[in-house]
Amino acid sequence: MPATCRVSSDLITVQERRDLLADASSRRAQAKRCDRPRWRVVDGWQVLGPARFSYSPDGQLHKDIHPRVAERATELIEVKLRPVQSNYLYYDTGDYLGLHHDQARCPFAVIVLLDGDAGPLCVHPELQDARPEDLGALLEPDGHRGGQKIALQDGPLLLSGRLLPHHREPHVAAEPITLVTFCLGQEPAT
């Protein structure tokens with residue numbers, strides 16, 4: 001399966017984005033903190049770099065929208081996708097997400113900027129086939145630098161994050177940003 005990295009405004013409607021922002025904002029105070037100071041390898045292949053941000057899996061709205069996002073993503077790449085999990089993500093000044101792969105059950109993700117001035121998501125097709133131990137050698141305490149930068153302001157991003165290592169550099173703006181991620185699994189071929 002070739003790696004996918006596509007920005008498309010067809011993945012979410014303007015009204016859905018507005019509704020998701022209102023819901024995410026109401027849940028921010030109860031968000032959980034992810035603070036991973038070192039990198040590690042999970043299941044012999046998944047690299048998880050250092051990370052610091054907040055997230056919330058709570059709420060029904062993103063779960064209700066998730067099947068529609070899966071249908072739209074399926075139409076976009078012609079791979080049958082199904083909802084797996086979704087979360088709101090919150091980045092304050094200095095928060096980051098180091099170089100990593102998404103988990104095996106989530107070969108695709110749709111990432112949507114809901115609010116704020118986000119720095120780019122950086123994808124690394126050149127590292128797609130790298131061994132986990134080689135990727136670990138590239139990690140810095142605040143995340144890997146470089147990569148192809150994708151501006152989330154350009155629209156929702158469909159990413160095969162299980163194949164493409166990616167990261168978010170430390171958030172530098174004074175105002176926080178809010179994102180929603182929709183994790184998508186691939187349906188078995190029939």
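E16 counts as buried, because its relative accessibility is just 7%; buried means under 20% relative accessible area, exposed means over 50%, and partly exposed is in between, using a 1.4 Å probe and protein chains only. Before we go on: this is a predicted model, where local features need pLDDT of at least 70, side-chain atom pairs count only at pLDDT 80 or more, and totals for chains, interfaces and linings use all residues. Residues are numbered from 1 along each chain as its sequence is written, and side-chain values use heavy atoms, with hydrogens and water left out.

**Around E16**

You'll find E16 in helix α1, residues 14-27. (Helices are DSSP runs of H or I with at least four residues, strands are DSSP runs of E with at least two, and both are numbered from the N terminus.) What does the side chain of E16 reach? The backbone nitrogen of T13, at 2.9 Å. That is a polar contact, meaning a pair of N or O atoms within 3.5 Å; within protein, one must be able to donate a hydrogen and the other to accept it, and residues adjacent in sequence count only if both atoms are side-chain atoms. Skip the neighbours within four places in sequence, and E16 is in contact with I65, R68 and R72, where contact means heavy atoms within 4.5 Å.

**Two more buried spots**

T4 sits in the segment before β1 (5-7) and counts as buried at 11% relative accessibility. Its contacts, again leaving aside neighbours within four places in sequence, are I77, F108, L158, L159, S160 and L164. P50 belongs to the loop between β4 (46-48) and β5, and it is buried too, with a relative accessible area of 3%. P50 and H167 are 117 residues apart in sequence, yet their C-alpha atoms are 9.9 Å apart in space.

**Rings and charges**

How many aromatic pairs does a search of the whole structure find? Two. In one of them, F53 and Y91 are stacked, with 5.4 Å centre to centre and 20° between the planes. This pair links distant parts of the chain, since F53 is in strand β5 (residues 51-56) and Y91 is in strand β6 (residues 81-91), 38 residues apart. As for the cut-offs, rings of Phe, Tyr and Trp (its six-membered ring) pair if their centres lie within 6.5 Å; planes under 30 degrees apart are stacked, over 60 edge-to-face, and the rest tilted. F53 is buried at 9% relative accessible area, and Y91 is buried at 1%. Together with Y55, F53 and Y91 form one aromatic cluster.

Y91 also has a charge over its face: R168, at 4.8 Å from the ring centre. Likewise, the charged end of R162 sits over the ring of W45, 4.9 Å from its centre. To count, NZ of Lys or CZ of Arg must be within 6 Å of the ring centre and within 35 degrees of the ring normal.

**The cores**

In soluble globular proteins, nonpolar side chains tend to be buried together. Here, the largest nonpolar core has 21 residues, and L20, V110, L158, F182 and L184 have the most contacts inside it. Such a core is a set of buried Ala, Val, Leu, Ile, Met, Phe, Trp, Tyr and Cys residues joined through side-chain atoms within 4.5 Å. The elements giving two or more residues to this core are α1, α2 (61-77), β6, β8 (108-115) and β13 (177-186). Which one gives the largest share? That's α2, with five residues. Apart from this core lies another, of 18 residues, among them L89, L97, L152 and L159.

**Strands side by side**

Nine of the ten residues of β13 are buried, so the rest of the structure largely encloses this strand. β8 is mostly covered as well, with seven of its eight residues buried. Two strands pair if DSSP finds at least two bridges between them, and these pairs run antiparallel:

| Strands | Bridges | Residues opposite each other |
|---|---|---|
| β6 and β13 | ten bridges | Q85 and C183 |
| β8 and β13 | seven bridges | V110 and F182 |
| β8 and β11 (residues 157-159) | three bridges | V110 and L158 |

D115 is another residue with an opposite number in β13, namely T178. V110 turns up repeatedly: beyond its neighbours within four places in sequence, V110 is in contact with L11, V69, P156, L157, L158, V180, T181, F182 and L184.
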